[in-house]
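Student: I have a model open and would like to learn how to read its features. Could you take me through them?

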Amino acid sequence: MPKFQDLSEFAAAIAPVIGAAHVNVHASAARAVAQLAETSGVTPALLSDLRFALPLRPLTRDHLAVIDRYGTASARERDLQEHLRQHTLTEDDGTLRLTDKGLEFVHRLYEVHAATADRVWAAHDVPGLAALVARVLDAAERLPGGALELVTPPYEPDDATPGLLLFNRLAVVRYHRADAHAAAWRAAGLSVSEIVVLPDGPLRAGIEAETNLRAAAPYGVLTGLEREALYDGLMKLV
């Protein structure tokens, strides 16, 4: 008997595992990232949050608001102004681009994350998991106006290690579910401010069920055995 009865059940089960595996590397790298920030005099902030997007494409404030839909404009502007002061980002007529200094920091950040992933995920089939997540990401629908289309494809240097590839692919694939969730609560007639305070109950449960249905499709590119391998494999990385 399969572990998961349908794709929506799998989407619901895999989401927190993806989040936990991603956070595991972030938490394990926190001290080294703090040291990098201190020695380089660079604030990670958006450079870390959007490390997989900024090296490939410029963004605008409107784009940042979509990617960080539950954050505040004041917090984003504070981080943005810090990057502009440090000359890690530049702004031209509302378009934000990574500078050479910013790209150098992202590369050094990638080195930290790669070393951390290699350490905390040693002895696991990281290349196999990275390949499975890549297929899911390729199959994920880019909703017009959504976050996923702004952060894909992720920045993957030629020398990226399997651990780094998996870490960043997990980071990016979360935006597919985030877009599915936003579509679900919008369909229910809610706003950002309303969904963040919505209590548990029938409406919340309905939105989560609809989110799982919308988030399920890309996992259909995998066979049942591959989905179980992905779930079990990521669980071992938590």
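Tutor: We will go through the core, the helix packing and a few local features in turn. Please keep in mind that this is a predicted model.

Student: Let's start with the interior. How many residues does the largest nonpolar core have, and which have the most contacts inside it?

Tutor: The general idea is that in soluble globular proteins nonpolar side chains tend to be buried together. In this model the largest nonpolar core has 66 residues. Those with the most contacts inside it are F52, W121, V151, L166, L230 and L234.

Student: Take L166, then. Which residues does L166 touch, leaving out those up to four places away in sequence?

Tutor: L166 touches W121, V126, L129, A130, V133 and L237. There is also a second, separate core of 7 residues, and A182, A184, I195 and I207 are among its members.

Student: Now the helices. How should I describe a packed pair?

Tutor: Two packed helices are described by the angle between their axes and the distance between the axes. Try helix α1 (residues 7-40) with helix α11 (residues 224-235): their axes come within 9 Å and cross at roughly 25°. Angles under 35 degrees count as roughly parallel, so α1 and α11 are roughly parallel to each other. Their crossing is left-handed.

Student: Which residues of α1 and α11 meet there?

Tutor: From α1 come L7, F10, A13, I14, V17, I18 and A21, and they meet R227, L230, Y231, L234 and M235 in α11. This contact divides into 11 nonpolar residues, no polar ones and 1 charged. You have already met L230 and L234 among the residues with the most contacts inside the largest core.

Student: What comes in the segment before α1?

Tutor: F4 has its place there. With 14% relative accessibility, F4 counts as buried, because the cut-off for buried is under 20%. Setting aside residues up to four places away in sequence, F4 touches E9, F10, A13 and Y231. F10 and A13 belong to the α1 side of the helix contact we just discussed, and Y231 to the α11 side. F4 and G224 are 220 residues apart along the chain, while their C-alpha atoms are separated by 8.5 Å.

Student: And how do α6 and α8 pack?

Tutor: Read the angle and the distance again. The axes of α6 and α8 are 9 Å apart, with a packing angle of about 30°. That makes α6 roughly parallel to α8, and α6 passes α8 in a left-handed crossing. On the α6 side, V126, P127, L129, A130, A131, V133, A134, V136 and L137 take part; on the α8 side, P162, G163, L166, R169, L170, V172 and V173. The contact is made up of 14 nonpolar residues, 1 polar and 1 charged.

Student: What about α8 with helix α10 (residues 202-216): how are their axes placed?

Tutor: The axes of α8 and α10 come within 8 Å and cross at roughly 135°, and α8 and α10 are therefore oblique to each other. Here α8 passes α10 in a right-handed crossing. H176, R177, A180, H181, A183, A184, W185 and A187 in α8 meet R204, I207, E208, E210, T211, N212, R214 and A215 in α10. By type, these residues divide into 7 nonpolar, 4 polar and 5 charged. A184 and I207 also belong to the second core.

Student: Is H22 in helix α1 buried or exposed?

Tutor: H22 is buried, with a relative accessible area of 4%. Beyond its neighbours within four places in sequence, H22 is in contact with R51, F167, L170, A171 and R174.

Student: Finally, the backbone. Which peptide bond is cis?

Tutor: For this, read omega. The bond from T152 to P153 is cis, with omega near -10°. P153 is found in the loop between α7 (148-151) and α8 (162-187).

Student: Where do A45 and A123 lie, and what is phi for A45 and for A123?

Tutor: A45 lies in helix α2 (residues 45-49) and has a positive phi of about 30° although it is not a glycine. At 19% relative accessibility, A45 counts as buried. A123 lies in the loop between α5 (100-120) and α6 (126-139), and its phi is near 75°, also a positive value in a residue other than glycine. At 83% relative accessibility, A123 counts as exposed.

Definitions and conventions
Residues are numbered from 1 along each chain as its sequence is written. This is a predicted model: local features need pLDDT of at least 70, side-chain atom pairs count only at pLDDT 80 or more; totals for chains, interfaces and linings use all residues. Side-chain values use heavy atoms; hydrogens and water are left out. A nonpolar core is a set of buried Ala, Val, Leu, Ile, Met, Phe, Trp, Tyr and Cys residues joined through side-chain atoms within 4.5 Å. Buried means under 20% relative accessible area, exposed over 50%, partly exposed in between (1.4 Å probe, protein chains only). Contact means heavy atoms within 4.5 Å. Axes are lines fitted to C-alpha atoms, for helices over the stretch in contact, and angles run from 0 to 180 degrees between N-to-C directions. Helices (H or I, at least four residues) and strands (E, at least two) are DSSP runs, numbered from the N terminus. Angles under 35 degrees count as roughly parallel, over 145 as roughly antiparallel, 65 to 115 as roughly perpendicular and the rest as oblique. A crossing is left-handed if the near helix is turned anticlockwise from the far one by less than a right angle, and right-handed if clockwise. Ala, Val, Leu, Ile, Met, Phe, Trp, Tyr, Cys and Pro count as nonpolar, Asp, Glu, Lys and Arg as charged, and the others, Gly among them, as polar.
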